[in-house]
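Please look over the sequence and the three-dimensional structure shown below before reading on. The briefing that follows takes up a pocket, a cavity and a sheet in turn.

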Amino acid sequence: RGWGDFGAYVLHGNFAMYPKASGLVCRSELQAERAYRFGMTRDDKGKVRLYLDGNLCASAHPATAGGFRLKLGELTVMHDDDRRYRSDGYVRRVQVWDRALTVKQMGKASGCERPKEVGVCPKSALHLPSARRVSYSSRIYGSWRRRDGRKLGARQSWVADWRKVDKGSEWMQVDLGKKREVAGLALQRHYRHGWQVTSLRVYVSDDGKKWVPVECGRRFKTPYAHSRTKKRSVGFEKPVVARYVRLAPASFRGLPAMRAQLKVCKARPKKVKGNQGMPKVDKKGGKKGS
């Protein structure tokens with residue numbers, strides 16, 4: 001049996017399986033006039049995974065439409081007659097496999113190169129770089145002393161060239177001085193005006209030349225804040241290891257403006273080898289004095 005009206009949709013700017021009760025909705029917001037690689041797998045245990053540009057963005061064991069079991073030998077692509085749900089796009093290529101690819105295999109098949117990732121850090125702190133370790137693609141508003149966006153709570157803000165945001169060529173770059181574990185970032189709107197970057201992409205590099213997108217180029221949302229003191233936080237699925245980090249605005253309100261700091265993992269506790277810190281025991285079974 002087919003899925004009927006159920007299946008993979010673009011719902012209100014998000015890649016998802018319909019109905020939403022299936023619990024499969026990707027958080028990354030899609031942009032118009034841009035091609036994406038959508039992926040779906042279903043393993044032998046009935047777990048369905050959704051991928052956007054090779055990045056795992058949702059997973060669940062849905063009960064709808066027979067658990068979205070694939071029908072061999074048939075694939076239907078449709079558009080909706082309701083204008084609210086029409087994407088007016090087109091399908092460039094369809095690939096199918098006779099097995100459920102692993103997360104790593106799906107990323108490779110989608111052309112996703114990931115930076116080095118580590119386990120979740122127990123604690124993180126906001127990193128405040130010196131002015132000489134921060135650079136910008138352009139700064140178009142205000143005097144030079146008021147164009148710095150490296151510090152939250154400051155009266156200065158960075159404003160990018162709005163004409164270049166759609167091209168992805170605007171960025172704020174931070175040099176951490178050495179390789180660090182970066183868990184995310186925090187962002188504020190412009191200090192004086194109601195301008196704000198409302199979504200961005202993050203790129204990292206070890207040498208400042210070769211850049212790799214975080215989470216396969218995921219578009220991280222930073223919803224508009226009506227208060228200039230309100231912080232919008234972005235967390236990565238896994239901390240990434242890098243020295244250089246670029247924050248590239250993808251959408252904005254008013255003008256692409258922000259004040260931002262990276263969240264850097266604090267030093268992890270060192271693993272204790274052997275019985276360090278425990279009382280030593282002699283061969284006769286008695287405890288030795290310290």
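How do the residues of the lining of the second largest pocket divide into nonpolar, polar and charged? In this predicted model, the lining of that pocket is made up of three nonpolar residues, three polar residues and six charged residues. The points below describe that pocket, then the largest cavity, whose lining has no charged residues, and finally an open sheet of three strands.

**The second largest pocket**

- The space in the second largest pocket comes to about 280 Å³.
- Among the residues that line the second largest pocket are Gly54, Asn55 and Leu56, together with Val103, Lys104, Gly107 and Lys108.
- The lining of this pocket also includes Cys112, Arg114 and Glu117, as well as Glu237 and Lys238.
- At least two lining residues are supplied by each of three elements, namely strand E6 (55-60), helix H2 (103-109) and strand E14 (232-253).
- Helix H2 provides the largest share of the lining of the second largest pocket, and this share amounts to four residues.

**The largest cavity**

- When the whole structure is searched for cavities of 30 Å³ or more, one is found, and the space in the largest cavity is about 30 Å³.
- The largest cavity is lined by His127, Pro129, Met172, Val174 and Leu247, and also by Ala260, Gln261 and Leu262.
- Two elements, strand E10 (172-188) and strand E15 (257-265), give two or more residues each to the lining of the largest cavity.
- Strand E15 gives the most to this lining, and its contribution is three residues.
- Sorted by class, the lining of the largest cavity contains six nonpolar residues and two polar residues, while charged residues are absent from it.

**The open sheet of three strands**

- The strands of this open sheet follow the order E1-E2-E3, and their pairing is antiparallel.
- Strand E1 (7-11) and strand E3 (25-29) are the edge strands of the sheet, since each of them pairs on one side only.
- If direction is ignored, neighbouring strands of this sheet are turned against each other by 25° on average.
- Strand E2, which covers residues 14-18, runs antiparallel to strand E3 and is joined to strand E3 by two bridges.
- Within this part of the sheet, Ala16 stands opposite Val25, a residue of strand E3.

Note on methods:
Residues numbered from 1 in each chain as written. Predicted model: local features only at pLDDT ≥ 70, side-chain atom pairs only at ≥ 80, totals over all residues. Heavy atoms only, no water. 1 Å grid on protein atoms, 1.4 Å probe; cavity = no way out; pocket = protein on both sides within 12 Å on 5 of 7 lines; lining within 4 Å. Points joined across faces, edges and corners; volume = space filled by probe spheres on them. Nonpolar A, V, L, I, M, F, W, Y, C, P; charged D, E, K, R; others polar. Pairing = 2+ DSSP bridges. Axes fitted to C-alpha atoms, helices over the stretch in contact; angles between N-to-C directions.
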